[in-house]
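Grab a pencil and let's work through a few exercises together. Each one has a task and then a solution in steps.

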Amino acid sequence: MTPVPTGYELVGAVRNENAALWRIYQVSKEVTRLHCAVPLKEAPFKKWTPLTMEAGKGLDWADFDYCEDANEWLLFHASIPEALNAICRTGFTMAKLGSGGTTGGGGLYGDGTYFADSITKADEYARRKVEKGAFAGCRAAALCRVLGGRHFYMDKDVMEKDKPKFAKRVLEGHYNSTVGDRLKVKNTFREYVAYDAAATYMEYIIYYRRKGVPAKHE
């Protein structure tokens, strides 16, 4: 098991400028904003601020022009470097979901793409270092825009039989995403789940080194 780093050293970042994916995302954002403006008793719209965007707790995202009325969030996502580069080119896909990031038993909140508002949580999935180039030896994660819209908030343990219900609330109901508050339930990390690829856009790949861990885990 990889020990939890005591910190992270940012080495560099590369911005993804994919005009086609950006256009799809912007259309999705406007649709989500209009959807959230319609009052619904069964799924009321509530603004949510992830830890990554809380005032005074990190970087100033004012210049990002994010849309609070669509619950547009800036969140972390991590994987092997090759996968992140592929997502920059083609976008997130919902075609290969359900394997589970750590257990192989399926995602806790159903089949979707998982994000975090903590780099420590995202770092769990940065399982391979960059092998070549300027960032050789670094781990890679991404900073992504995610349209939370009407989010379903979950602050209880999830039973196996309940997992399919999360995606169903989006695909057949009025919700756009799930916020799994594991910080409240287990004192670990919150998880954010999107079920529509058009509601996600990878904007930066960040390259970093783990601090305070044995050399083989850096």
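Here are three exercises on this predicted model.

**Exercise 1. Work out where F64 sits, whether F64 is buried or exposed, and which residues F64 is in contact with beyond four places in sequence.**

Step 1: Find F64 in the loop between α1 (19-36) and β2 (72-78).
Step 2: Check the relative accessible area of F64, which is 17%. Buried means under 20%, so F64 counts as buried.
Step 3: Look past the neighbours within four places in sequence, and you'll find F64 in contact with L74, R145, E203 and Y204.
Step 4: For a sense of distance, go to F135, 71 residues from F64 along the chain; the two C-alpha atoms are separated by 25 Å.

**Exercise 2. Do the same for T178, and find what joins the side chains of T178 and Y195.**

Step 1: T178 lies in strand β6, which covers residues 177-181.
Step 2: With a relative accessible area of 1%, T178 is buried, because the cut-off is under 20%.
Step 3: Leave out residues up to four places away in sequence, and T178 touches Y109, F152, F166, E191, Y192, V193 and Y195.
Step 4: Zoom in on Y195: a polar contact of 2.9 Å joins its side chain to that of T178.

**Exercise 3. Decide how to read residues 98-104, where pLDDT stays under 50.**

Step 1: Start with the whole protein chain, which averages a pLDDT of 91, with 93% of the residues scoring at least 70.
Step 2: Now turn to residues 98-104, where pLDDT stays under 50. The model has 13 contacts beyond four places in sequence for this stretch.
Step 3: Where pLDDT is low, predicted coordinates shouldn't be read in detail.

How values were computed: Residues are numbered from 1 along each chain as its sequence is written. This is a predicted model: local features need pLDDT of at least 70, side-chain atom pairs count only at pLDDT 80 or more; totals for chains, interfaces and linings use all residues. Side-chain values use heavy atoms; hydrogens and water are left out. Helices (H or I, at least four residues) and strands (E, at least two) are DSSP runs, numbered from the N terminus. Buried means under 20% relative accessible area, exposed over 50%, partly exposed in between (1.4 Å probe, protein chains only). Contact means heavy atoms within 4.5 Å. A polar contact is a pair of N or O atoms within 3.5 Å; within protein, one must be able to donate a hydrogen and the other to accept it, and residues adjacent in sequence count only if both atoms are side-chain atoms. pLDDT is the predictor's confidence in each residue, from 0 to 100.
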